[in-house]
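Dear colleague,

I am handing over the structure we spoke about, and below it you will find my notes on what came out of the analysis. Please read them with the model open beside you.

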Amino acid sequence: KVISCGDIFDQPNENTKLQIIEKYNLKGYKKNIVFNCGAGGWHIGVNVCKEIFTMGMSIAQQLTAFTNDYQFIFITGPYSSGSVLNSNLNKNIRIVEYEKNLAALFACADICVIRPGYNAVMECLNGDADVVLIPGISYMEAQDLWCKELKHKYGVCIIPSNELMLLQDCITDLLLHSKRINKSIGSNEYLISETIKNYFEFKDILYKRCVLS
């Protein structure tokens, strides 16, 4: 028997989100853009994570050169930390190797540029952010197919990993016009836990009836 309960992922509470808003001064900017490539590894072929961060840094420098409206936050992970750390920074650009409350940062951001791993995607969609997905070849996930489904359902944007030059126009467009639909999806952790609990309670009742009979 299969029971579908929907999505489950890390859903930060309001207190954690408030901590993240204060930590990164998110309310001090018109738009906050977060870049993340997971830990920074790549399953098959050339690792383009560093190229994603390098392109993101170039976009950040151009868009923050003459305005303080935007903040760019790069969560690099251990494998990509050296790729952008030596860039010319300004007060609107932050580089962080690790953020323990990354789900809260995703939920509070305005634009998230990520690789389409399941947890990261669902954590981004848990908020109201526009989501830009950069799929790669993965032996664990059919990323291209899933990205197309997410585009239809949530209005995410897709940038192929071999066409990163499209990223600048995509972000510039999203800063002006949100494409996100079906916002704040929420996690079904409670429903899933209740379903499991009820299932085992039902099994226990059947067992006792069989023993008594």
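Two strands are taken to pair if DSSP finds at least two bridges between them. By that criterion β2 pairs with β3, since four bridges join these strands, which run parallel. One of the positions along this pairing is I75, which stands opposite V96 in β3.

Before going further, please keep in mind that this is a predicted model. The mean pLDDT of the protein is 85, and 83% of its residues reach 70 or more. Confidence is highest in strand β4 (residues 111-114), at a mean of 98, and lowest in helix α7 (residues 189-212), where the mean is 70. As a general caution, predicted coordinates should not be read in detail where pLDDT is low.

As for the overall architecture, the protein has seven helices and six strands, and along the sequence they follow the pattern α-β-α-β-β-α-β-α-β-α-β-α-α. Of its 213 residues, 45% count as buried. Among contacts between residues at least 6 apart in sequence, 68% join residues at least 24 apart.

The six strands form an open sheet with parallel pairing, in the order β3-β2-β1-β4-β5-β6. The edges of this sheet are β3 (93-96) and β6 (157-158), each of which pairs on one side only. Helix α4 packs on the sheet, where it touches β4 and β5 (130-133), and its direction makes about 175° with that of β4.

Within the sheet, strand β2 (residues 70-75) deserves a closer look. Besides its pairing with β3, β2 pairs with β1 in the parallel sense over six bridges; in this register K31 stands opposite Y70, while the bridge partner of N32 is Q71. The strand is mostly covered, with six of its six residues buried. In a regular strand, side chains alternate between the two faces of the sheet. Here Y70, F72 and F74 point one way from β2, whereas Q71, I73 and I75 point the other way, and all of them are buried.

The packing of two helices may also interest you. The axes of α4 (residues 118-125) and α5 (residues 143-154) come within 13 Å and cross at roughly 10°. Because angles under 35 degrees count as roughly parallel, α4 is roughly parallel to α5. On the α4 side the contact is made by Y118, V121, M122 and L125, and on the α5 side by W146, L150 and Y154. These residues divide into seven nonpolar, no polar and no charged.

Finally, which backbone positions have a positive phi although they are not glycine? Most residues other than glycine have a negative phi, and two asparagines are therefore worth pointing out to you, with N25 at a phi of about 50° and N182 near 55°. N25 is found in the loop between α1 (14-23) and β1 (31-36), and with 39% relative accessibility N25 counts as partly exposed. N182 lies in the loop between α6 (166-176) and α7, and N182 is likewise partly exposed, with a relative accessible area of 44%.

With best regards

Technical notes:
Residues numbered from 1 in each chain as written. Predicted model: local features only at pLDDT ≥ 70, side-chain atom pairs only at ≥ 80, totals over all residues. Heavy atoms only, no water. Axes fitted to C-alpha atoms, helices over the stretch in contact; angles between N-to-C directions. Parallel < 35°, antiparallel > 145°, perpendicular 65-115°, else oblique. Contact = heavy atoms within 4.5 Å. Nonpolar A, V, L, I, M, F, W, Y, C, P; charged D, E, K, R; others polar. pLDDT = per-residue confidence, 0-100. Buried < 20%, exposed > 50% of the residue type's maximum accessible area, 1.4 Å probe, protein only.
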